[in-house]
Structure formats: C-alpha cells, structure tokens
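Here is a set of short exercises to work through with the model open beside you. Try each task yourself, then read the solution step by step.

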Amino acid sequence: MTRNLLNALMATCALVALGGTAQAQEFDYGKFDGYTLKVKLIGGTQYEKLYTRIPEWEALTGAKVEIVSSKNHFDLDREIKQDIASGSITWCVGSNHTSFAPQYGDLYIDLKEMVPQAELDKYVPGTLASAMVDGRLVQLPRVTDVSNLYYRKSLYESAENQAKYKEQFGVDLAPPKTFDEFKQQAIFFAAPPDIYGTAFAGKDEGLTGRFMEILRANGGDMFDENWKPIFNSPEGVAAVQWFKDLYDAKAVPAGTVNYTWDDIGQAMAAGQLAIDLDWPGWAGFFSDPASSKVASELGFAVSPVGTSGKRGGWSGSHSFSVTQQCDNKEAAVSFAVFLTNDESEMMEAQAGNLPTRTKTFIEVVEWFKANDKQHLADMFAVWQQSLSEARTPPLVAQWIEVSNIIWPAVQAAIVGEKTAQEALDGAAAEATVIMQDAGLLQ
Amino acid sequence: MRGKLSIEKPWQRWAIRFGVFIAMVILVVPGAWVVLTAFRPNIEVLARPAVWIPQHLTLNNFLGIFGLLSTQQGLPVGSYFVNSLVISITSTVIAIALGMMGGYAFARYRFRGKATLFLGFMLSRTVPGVALSLPLFIIWARLGLIDTSFGLIVVYLAVNIPFTIWLTDGFFRQIPVDLSEAAQIDGCTRWQAFWKVEFPLARSGLASAAIFAFLTSWNEYALASQLTRTTASKTMPVGLMDFTAQFTVDWTGMSAMAVLIIIPALVLTFVVQKHLIAGLTFGGVKG
Amino acid sequence: MSFWRSPRATPYLLLLPAIIVILGVVLVPLLVSFWTSFTGYNLTKPATLFQFVGLRNYQRLLGNDDFWWAFGRTIVFITITLNLEMVLGLGLALLVNKITWGQRTLRTIMMFPMMFSPILVGFQFKYLFNDAVGLINNALFDLGLISQPIPWLVDGALANFSIIVAEIWMSTSVFAILLLAGLMALPKEPIEAARVDGCNPWQVFRHITLPFLMPFVYIAMTIRSLDVARAYDMVRIMTNGGPAGRTELLWTLMTRVGYQNSQMGMANAMGYVSIILSIVFTFYFYRKLVGARTFMGGAQ
C-alpha cells in the first residue's frame with residue numbers, strides 16, 4: 001500500500017516538475033568576463049568528480065575559477081577558522097557542511113537574498129531547511145547523507161537461520177524494524193570471532209551522532225527550547241544501554257569502541273558484519289567485487305524506528321557557501337547554484353550520492369534501471385524514503401564542543417567505567433556550562 | 001679498512017647476524033605491508049581470514065591516483081612530488097650550511113653567551129605545535145607566505161637548524177684541534193684550514209645531518225597541512241589526506257601514494273650512504 | 001676597530017643567520033600565543049583576541065582533572081618511548097656496526113621506518129591493530145595463539161601499549177642511525193690498544209665505546225624528546241585519546257580544545273604548562289651533555 005502511495009507521489013512530482021519547467025525561469029548564470037573567482041573546495045577522490053564541470057561554468061559565464069585550497073573536511077574546517085581568526089578572507093566560495101556551518105558566524109551570506117525562490121524550490125524542502133542557520137540560508141546543499149541499513153542477504157535468506165530465529169523469537173526473520181529488533185538480531189547472528197552482528201562508531205562525532213539518533217528515535221532530544229541539555233533523560237539512558245548491551249553480549253567487535261567509519265566499512269566489506277547502519281557513500285564500495293566480499297549479496301533496508309515509533313534520521317549535507325567579503329557575489333552565487341543544479345546533482349547521484357534536488361531522484365532511478373544498476377535503483381528507493389525524516393544535529397555553534405564532551409562519556413558507559421546515568425549526567429553538567437558560557441542558556 | 005678484529009668466535013658472528021636479521025624483519029614488515037597493500041585490491045587487504053599469499057596483484061591503485069581509471073578523479077601527484085622535492089632539498093641544503101656555520105662556532109670558539117645561545121636553540125624546539133601554529137599562520141598570512149614553497153622552506157629551516165647545529169657541533173668536537181692548527185702553521189688561513197682539513201673529516205656527520213633534515217622535511221605533515229593550500233605548494237604527505245573522505249578512507253589508494261613517497265626517500269638515502277663512511281680513514285692521521 | 005670586524009665577532013656572525021630564522025619563526029609566534037593564553041580567545045570570534053581574562057585559563061586548567069591525567073600520561077609516554085628507543089637503537093647500531101658485508105643496504109633498511117610520514121604511520125598501525133580484520137590478530141589466529149580477538153586499541157593497557165609500539169617503530173631508527181654514525185666516528189686506536197692489553201669486549205664497550213658515545217646519546221635524547229610531539233598525528237589517527245580518554249596525551253587534548261572547540265586561549269594555556277615539561281627534559285639532558293663533554297675534552 002505504501003509502495004503504491006510512493007509511486008503515486010513520485011508520478012505526481014514528475015508531472016509537476018515537467019509542467020513546472022516549461023513555465024519556471026531558467027536560472028540566469030550571468031556573465032562575468034575577466035573575473036577570477038576564488039574558491040575553497042573539499043578535496044578527495046570522492047568529491048572531485050563534480051569539479052570536472054567547472055570548465056563548463058567558466059565557458060558559460062566567461063569567468064575563471066581559481067581553486068585556492070583543496071583539502072579534506074577536517075583540515076578545511078581548521079583552515080577556515082584560521083582565516084576567520086586572521087581576518088584574511090580573500091576567497092568567495094567555500095565548501096561547507098551542515099554540521100560545521102553554525103560555527104562560522106556571519107562569515108557566509110544569506111543566499112535567500114540572492115537566489116530566486118523559483119530556483120530554491122527545486123531543492124528537496126527538508127534538505128534546504130536543514131541548510132539554514134538562525135533563519136539564514138547560509139549554504140546550498142550538494143549531497144545529503146542519511147543512514148540506512150545494509151545487510152547480508154545470505155544470512156537473512158538462509159533457511160537454517162530463519163528456522164532458528166522463528167523458533168527463538170516467534171516472528172519471521174527480516175531486516176529489523178525497531179532498534180530493539182536490531183539489537184536482538186545482532187546478538188542472534190553474532191558468532192565471534194568469525195562474524196559479528198554489527199559494529200558502531202565508537203568515538204568522535206560519529207558516536208555522539210548515533211547516540212543522538214537513537215535518543216531521538218526513542219522520543220528524546222539533545223536540548224530543549226531554552227538550550228538546556230536534556231539528553232540525560234530515560235530515553236538517553238536507554239540509547240546508551242543499546243550500545244552497552246551489544247558490547248557486553250560481544251555482538252560487536254571488541255575494538256568497535258575505537259572504530260571510525262572506515263573501520264566499520266572495512267569490517268562490513270570483509271563480511272564480518274551481518275548488518276550495518278551506515279551511509280550512502282559506502283554503497284559503491286560494498287557492491288564492488290574488487291573491494292568487498294559481500295558485493296553479490298548486499299541488501300538495503302530503511303533504518304529502524306525507536307521506542308517512540310519515530311526514526312532518528314541523523315543526517316547532514318555537504319554544501320557550498322558564499323562569503324560576505326566576496327567582491328563579486330553574483331558570480332559566486334552563480335557558481336554555487338551551478339554546482340548544485342540539475343545536471344550537477346545528476347552527476348553526483350549517478351556516483352551513488354543522495355542528491356539535493358527533488359527531480360534528480362526520479363531521473364537517476366530511471367538511469368540506474370536503464371544502465372543495469374538495479375541494486376543502486378533499489379538503494380535510492382530505500383534512501384529517499386528516509387529523507388523525509390532526516391534531521392541534522394542541533395544547528396548551533398557549540399555543537400562540536402558539546403559533542404566532544406558526550407562521546408567520551410558514552411564510551412565510559414559502554415566499557416563499564418561508569419553507569420549510563422552517571423556518564424550522561426556528568427556530560428549534561430559540562431554541556432550546561434558550555435551553553436551558559438555561550439550565552440544561549442538563560 | 002674497517003678495523004674488525006677476528007678474535008670473535010664463529011658462533012658469536014652468527015649470533016650477531018641472526019640478531020641483525022630479526023631486527024631488520026621487525027623494522028621492515030609493517031612498512032612492507034603498506035607497500036604490498038598498494039598492489040592489492042581492497043578485498044584482500046583488510047580481510048578475515050587473512051589472505052597471506054596475494055591472489056591478485058593489481059596496478060589499479062596507482063592508475064587511479066594518476067587519473068587513468070574511469071572510476072575516479074586523479075590527483076595532481078606530479079605537482080605534489082615536485083613541491084616536496086624542491087622544498088625538502090632546498091631547506092636541507094640551507095639548513096646544513098647554516099648548521100655547519102653554527103656548529104663550528106659552538107665547537108671551536110669560546111664566546112660570551114655561548115651556553116645561553118646553545119640552550120636557546122634547544123629550547124626553541126620545546127614549543128608545542130599548537131601554540132605555534134596559529135600565530136605563525138597569521139604572521140605568514142600577513143607576509144603573503146601562505147601556500148608558497150618559500151614560506152614552508154623557511155619554517156622547515158627553523159625546524160631543522162637546531163638539530164643540524166647540534167649534530168655538526170658534536171662531530172666537529174671529535175676532530176682534534178691540532179689538525180687545523182697544523183694546517184695553519186703550514187700557511188693556510190683558518191678558512192682554508194677548515195675546508196681542507198675539518199670539513200672532509202666531518203663529512204660523515206654532515207651526511208647524517210643532511211639525511212635527517214631531508215627525511216624530516218620530506219615526511220612532515222602538521223606544518224605543511226597548515227601552510228599550504230593548493231598545488232602551488234602542497235607536499236606529498238598532505239596529499240595523503242586526499243584519500244580520506246568524510247566517511248571512507250581509500251586505504252589502498254593511500255598506500256599507493258605512500259609508495260610514491262617512500263621510493264625517492266629510499267633511493268636518496270641509499271645514494272648518500274657512501275658519504276657516511278667516506279671520512280673515516282683518519283685513523284692514520286692522529287699520532 | 002669596531003667589534004664586528006674583529007676576529008671575536010666570528011662566532012656571532014656564523015650564528016647570525018640561524019638566530020634570525022629562529023627568532024622569526026619561533027619567538028614571535030611564541031610571544032603572540034603567550035598573550036592569547038591570557039585571553040578568552042576563540043578562533044571563530046577574532047574580537048575575543050583582546051578580551052583579557054587574566055589567569056582564568058590557567059586557573060581552570062589547574063583544577064581540570066583531564067588535563068593532569070593527560071599531562072601525567074604524556075610524561076610516562078615520553079619516558080618509556082625515549083628509553084626503549086635508546087636501548088633498542090644502541091643495540092641495533094652496535095649489531096649493524098659489526099657486519100662488514102652489505103653495510104650500505106643494511107643502513108638503508110635500518111632507516112626504512114623514517115620514510116613513513118607520521119600520519120601514514122597512524123593509519124598503518126590503526127589497521128594493523130584492528131581487532132576484526134587487522135594483520136596482527138589475523139597472524140595470531142592463524143598461528144593458533146588466540147581464539148578471541150585482542151582489542152589492541154580499546155583495552156586501557158593494550159591501547160597505550162599499541163601507541164608506544166607504533167611510536168617506537170617509527171623513531172628507533174633515528175637513534176640507531178645517530179648512534180651508528182657516532183660509532184663510526186670513533187677513533188680505533190684506543191679500542192685496539194685495549195684489546196691488545198687483554199680487555200674483553202664487554203669491558204671495551206663499557207669503558208671506551210660507551211663514554212665516547214654519551215654525547216651522541218644525549219644529543220639524540222634531547223632531539224627526540226622535543227621531537228616526540230610528532231607522534232601527535234599518529235595518535236590522533238589511531239585512538240584520538242582512546243576510549244574514554246585512556247590514551248589522551250597533551251597534544252591530542254590541546255588540538256581538540258584549540259581547533260575543534262575553537263578555544264584557542266585555553267589551548268595555549270595548556271601549551272605553556274606543557275612547555276615547562278619540555279624545558280625540564282631539555283635542561284636535564286643538557287646538563288648531562290655538558291658533563292659528558294667535560295669528560296671527553298673538547299672546546300667548552
């Protein structure tokens with residue numbers, strides 16, 4: 001039934017889009033002959049394909065693009081902070097991310113004032129909303145990340161497993177719908193050291209984010225309306241308990257408390273995990289037979305809901321922003337729009353990234369089907385479902401600082417140095433001090 | 001002439017050889033693993049159970065870096081390489097020159113403030129990177145030295161000089177003063193005596209200092225990632241981080257890049273080795 | 001005759017370029033960051049550079065448990081790695097010194113770890129020590145030595161052990177090559193004379209070789225003790241302070257506070273407290289160096 005509804009929705013969207021483009025204005029990229037646009041872009045093999053479109057924009061507008069810096073997001077963030085600190089903002093367009101954007105203050109302009117509403121309407125509304133900080137649209141989203149489940153079909157479709165599961169739990173074996181089921185199945189599948197149920201990010205913003213996701217799925221949240229930390233609620237304790245139960249039952253690799261995303265990805269690709277809640281960027285890697293043992297049996301499922309029946313939907317988007325100090329804002333905005341327009345989004349989507357324009361979802365699924373990439377077509381169908389429930393972390397400048405308090409506390413609880421309540425209470429107290437210092441907490 | 005006495009019994013010699021062998025294995029294996037990884041597809045690298053004998057060897061990782069594979073963008077490896085080379089060699093040469101001057105001053109002269117200066121050079125290294133990095137960045141930005149080879153060279157000089165001074169100081173002290181005095185009695189100026197007598201004898205020390213300074217600059221990441229932006233000055237270690245994205249790490253690609261970093265260093269080290277023993281025949285000079 | 005033309009000026013002139021470089025690159029930034037440690041400087045709010053808060057950062061620091069744990073752990077880390085590296089490096093140098101054949105290749109192999117950038121070493125050992133798919137656990141499994149994977153990077157003692165191992169692998173070669181160069185610069189006559197007089201190899205080593213080497217040992221120790229902060233990149237990649245701060249060292253803490261939390265003023269205050277640590281180490285080795293020199297003669 002929901003499938004039909006979805007199809008109907010997509011068909012309507014397609015119709016509206018088709019009808020819409022006939023009347024909507026084509027975005028005017030402008031002419032900037034002789035102008036050199038300085039940009040700072042996020043570098044790395046995953047992001048660079050899009051930049052092959054830059055010569056097209058140059059030809060279109062007559063301007064030249066000078067890539068002043070190209071780094072990974074960790075170093076780029078540091079560089080931008082240094083630029084702010086030293087007052088040397090000599091560039092116009094910068095790569096940004098919804099998690100980092102709130103820290104930059106008023107470095108970037110409000111794009112609502114420079115981009116026509118007709119153009120902004122082409123973006124996925126939820127994604128665009130999460131690109132706002134304090135009501136200002138400081139960035140144009142480029143690709144979105146939201147987590148969903150990858151699982152090994154061979155384990156789920158094995159008759160033996162199905163029989164055992166049915167016997168033990170009384171229900172059929174299928175990808176988990178709730179986090180409790182997720183935990184149950186992970187423990188069921190685990191047979192260390194040959195195979196584990198799952199793995200989770202054990203440190204840095206990764207752990208805080210997952211904690212936040214389960215917390216929200218259980219109905220709780222990080223802060224209340226007055227910015228008072230409330231993550232040490234019973235929902236938060238239940239979230240920490242989820243990690244701890246998996247760890248104690250040895251359903252996750254013992255080293256998971258130190259894992260970052262690449263460790264989890266490698267474990268899944270090596271066939272060590274039964275199921276993995278992870279990001280779309282891994283789909284290509286997991287389905288490549290040269291990289292991954294599970295390429296032939298990769299399954300996709302929507303992320304589970306929590307005790308409140310909702311999804312946590314932790315997401316973020318990479319984006320482009322334009323600086324206040326830019327001497328030719330029209331050119332900069334034109335560049336940012338160009339790199340996130342329909343053709344650009346199509347290029348990103350074909351590589352397996354989630355686009356930020358509504359139309360692209362439909363088009364790329366068609367393209368996948370026509371080009372013998374059925375599994376990616378399936379993946380996109382699943383992923384698009386979860387976009388509607390996608391939520392970013394709190395869009396406030398102190399997020400990273402607060403996160404750096406939370407993840408060591410959750411780690412301490414997982415490895416048993418403190419109880420979950422103790423750890424969260426301690427973190428909440430420290431977070432309160434931070435929010436007070438920042439003047440946000442009344 | 002190596003002066004090796006053959007008083008040692010055969011079992012001692014074999015024990016020594018065995019010890020060296022084990023030590024070399026421990027030193028080499030973790031590094032060799034990285035080099036081998038560069039030639040393997042990811043599925044064999046981080047796998048369980050481990051694939052001990054490589055089933056497939058591939059050059060894809062290298063092709064990918066240079067943009068010869070359709071699935072990914074290449075990286076400007078050539079530019080990184082040239083930058084690394086220029087920056088490392090220049091800062092090493094200058095550091096050796098300035099270090100030699102300073103080391104000679106400390107080794108051969110008594111002067112006021114000598115101990116303080118020496119200590120000062122040492123203490124300049126106590127400053128932790130974080131305390132230094134931002135102000136250095138701000139100053140360099142004002143001077144327009146960000147993203148220039150020159151800017152990075154100057155910083156590496158400050159990193160390497162205390163070290164070259166100490167090393168050359170130590171080696172100059174090993175050379176008896178009488179040699180220089182004898183040459184001066186024979187009619188050389190102090191300057192000539194230095195070049196004819198002391199410099200050749202200190203060659204082994206200078207070669208060691210040079211290799212160190214070069215390798216430090218060649219592999220340095222922290223300062224380079226701060227002060228470089230684009231292919232105008234980005235060095236190869238900074239290029240290693242191009243293989244990390246927000247969630248994924250292209251480990252096989254990074255290993256391929258690492259191989260490109262290691263090979264020139266290995267070759268250069270091997271070539272410079274002979275100067276390490278060149279100055280050792282002064283056993284016949286003394287007495 | 002002006003001072004600068006006299007022969008007395010020679011040492012100063014020789015040292016002048018080096019002094020200028022150090023002043024420019026180290027001293028000036030140092031003073032600036034010293035100033036910022038007395039402010040509430042936040043990276044993303046440049047105006048806070050002038051927000052003088054007096055000793056507040058230092059006061060908060062002194063009462064901060066995490067900082068002192070990291071401080072203590074760093075001292076232990078430096079002490080253990082330096083001593084082990086010296087002993088292993090000395091052993092390696094002595095062994096290699098004895099081999100005549102293929103010296104050049106041997107020395108090059110010995111320097112192999114020096115060709116790995118610290119950041120690469122971080123990724124390398126992170127994957128080697130990975131408990132699920134890492135080489136070390138795989139080897140132990142296949143040799144039948146373990147049946148459950150060892151969590152190298154998680155368990156309190158093991159995680160610290162792992163970062164120490166990585167650091168030792170990375171830097172023992174530095175000691176080894178410095179000491180080997182020192183061994184090669186050793187004059188041969190005293191040793192031969194002692195042998196002829198009937199001393200056994202151990203006595204020769206203890207009374208002749210080792211004292212000659214001591215200045216090199218102290219130089220190497222000083223260099224390495226100040227250089228060991230290079231391990232920061234490696235530790236950041238491997239554990240980033242380890243589960244629940246078990247492997248938190250001063251440098252990971254400072255960088256997180258300064259760059260991720262943008263609290264530059266506080267980070268610099270931490271830096272200055274830790275400078276005291278470095279100065280203590282430096283002074284200690286300097287005194288030893290001077291002592292060894294006096295013993296050996298040479299220009300004071």
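**Exercise 1. Find the surroundings of A:V322.**
Task: Which residues does A:V322 touch, not counting residues up to four places away in sequence?

Solution. This is a predicted model, so keep that in mind for every exercise. Begin with the lower residue numbers: A:V322 touches A:C92, A:V93, A:Y108, A:I109 and A:L111, among others. Next take the higher numbers, where A:V322 touches A:K329, A:A332, A:V333 and A:A336. Now look at the wider setting: A:V322 is among the residues with the most contacts inside the largest nonpolar core, together with A:A332, A:A336, A:V410 and C:L179. That core has 303 residues. Helix α7 of chain B gives the most to this core, with 14 residues.

**Exercise 2. Describe a helix pair in chain A.**
Task: How are α17(A) and α18(A) oriented, parallel or antiparallel?

Solution. Two packed helices are described by the angle between their axes and the distance between the axes. Helix α17 of chain A covers residues 399–414, and helix α18 of chain A covers residues 420–437. Their angle is about 165 degrees, and their axes are 8 Å apart. Angles over 145 degrees count as roughly antiparallel, so α17(A) is roughly antiparallel to α18(A). The crossing of this pair is right-handed. On the α17(A) side, the contact includes A:I405, A:I406, A:A409 and A:V410. On the α18(A) side, A:A423, A:L424, A:A427 and A:I434 are among the residues that make the contact. By class, the contact of α17(A) with α18(A) has 13 nonpolar, one polar and two charged residues.

**Exercise 3. Now try a pair in chain C.**
Task: At what angle do α10(C) and α11(C) pack, and which residues meet there?

Solution. Locate helix α10 of chain C at residues 231–238 and helix α11 of chain C at residues 250–260. They pack at an angle of about 80 degrees, with their axes 9 Å apart. An angle from 65 to 115 degrees counts as roughly perpendicular, so α10(C) is roughly perpendicular to α11(C). From α10(C), the residues C:Y232, C:V235 and C:R236 meet C:W251, C:T252 and C:T255 in α11(C). The residues of this contact divide into three nonpolar, two polar and one charged.

**Exercise 4. Decide whether a residue is buried.**
Task: Is C:D131 buried or exposed, and what is A:G206?

Solution. Start with C:D131, in the loop between α5 (118–128) and α6 (135–142) of chain C. A residue with 20 or more other C-beta atoms within 10 Å is buried. C:D131 has 26 C-beta neighbours inside 10 Å, so C:D131 counts as buried. Leaving aside neighbours within four places in sequence, its contacts include A:P253, A:A254 and A:G255 in chain A, as well as C:N137 and C:I150 in chain C. The C-alpha atoms of C:D131 and C:I150 are separated by 6.0 Å, and these residues are 19 residues apart along the chain.

Turn to A:G206, in helix α9 (residues 204–217) of chain A. A:G206 counts as partly exposed because it has 19 C-beta neighbours inside 10 Å. Apart from neighbours within four places in sequence, A:G206 is in contact with A:A201, A:T260 and A:W261.

**Exercise 5. Put the chains together.**
Task: How many residues of chain B are in contact with chain C, and how many helices does chain B have?

Solution. Look at the chains one at a time. Chain B has 13 helices and zero strands, and buried residues make up 53% of its 287 residues. Chain C has 12 helices and zero strands, and buried residues make up 51% of its 300 residues.

Then bring them together: 87 residues of chain B are in contact with 84 residues of chain C. Helices of chain B that each supply at least two residues of this side include α1 (10–37), α4 (77–108) and α7 (149–174). By class, the side of chain B that touches chain C has 61 nonpolar, 16 polar and 10 charged residues.

Finally, turn to the contact between chains C and A, which takes 23 residues from chain C and 31 residues from chain A. The chain C side has 11 nonpolar, nine polar and three charged residues.

Technical notes: Residues are numbered from 1 along each chain as its sequence is written. Chains are lettered from A and ligands numbered from 1 in the order in which they are written. This is a predicted model: local features need pLDDT of at least 70, side-chain atom pairs count only at pLDDT 80 or more; totals for chains, interfaces and linings use all residues. Two residues are in contact if their C-beta atoms, placed from the backbone, lie within 7 Å. Helices (H or I, at least four residues) and strands (E, at least two) are DSSP runs, numbered from the N terminus. Ala, Val, Leu, Ile, Met, Phe, Trp, Tyr, Cys and Pro count as nonpolar, Asp, Glu, Lys and Arg as charged, and the others, Gly among them, as polar. A nonpolar core is a set of buried Ala, Val, Leu, Ile, Met, Phe, Trp, Tyr and Cys residues joined through C-beta atoms within 7 Å. A residue is buried if 20 or more other C-beta atoms lie within 10 Å of its own, exposed if 12 or fewer, and partly exposed in between; C-beta atoms are placed from the backbone. Axes are lines fitted to C-alpha atoms, for helices over the stretch in contact, and angles run from 0 to 180 degrees between N-to-C directions. Angles under 35 degrees count as roughly parallel, over 145 as roughly antiparallel, 65 to 115 as roughly perpendicular and the rest as oblique. A crossing is left-handed if the near helix is turned anticlockwise from the far one by less than a right angle, and right-handed if clockwise.
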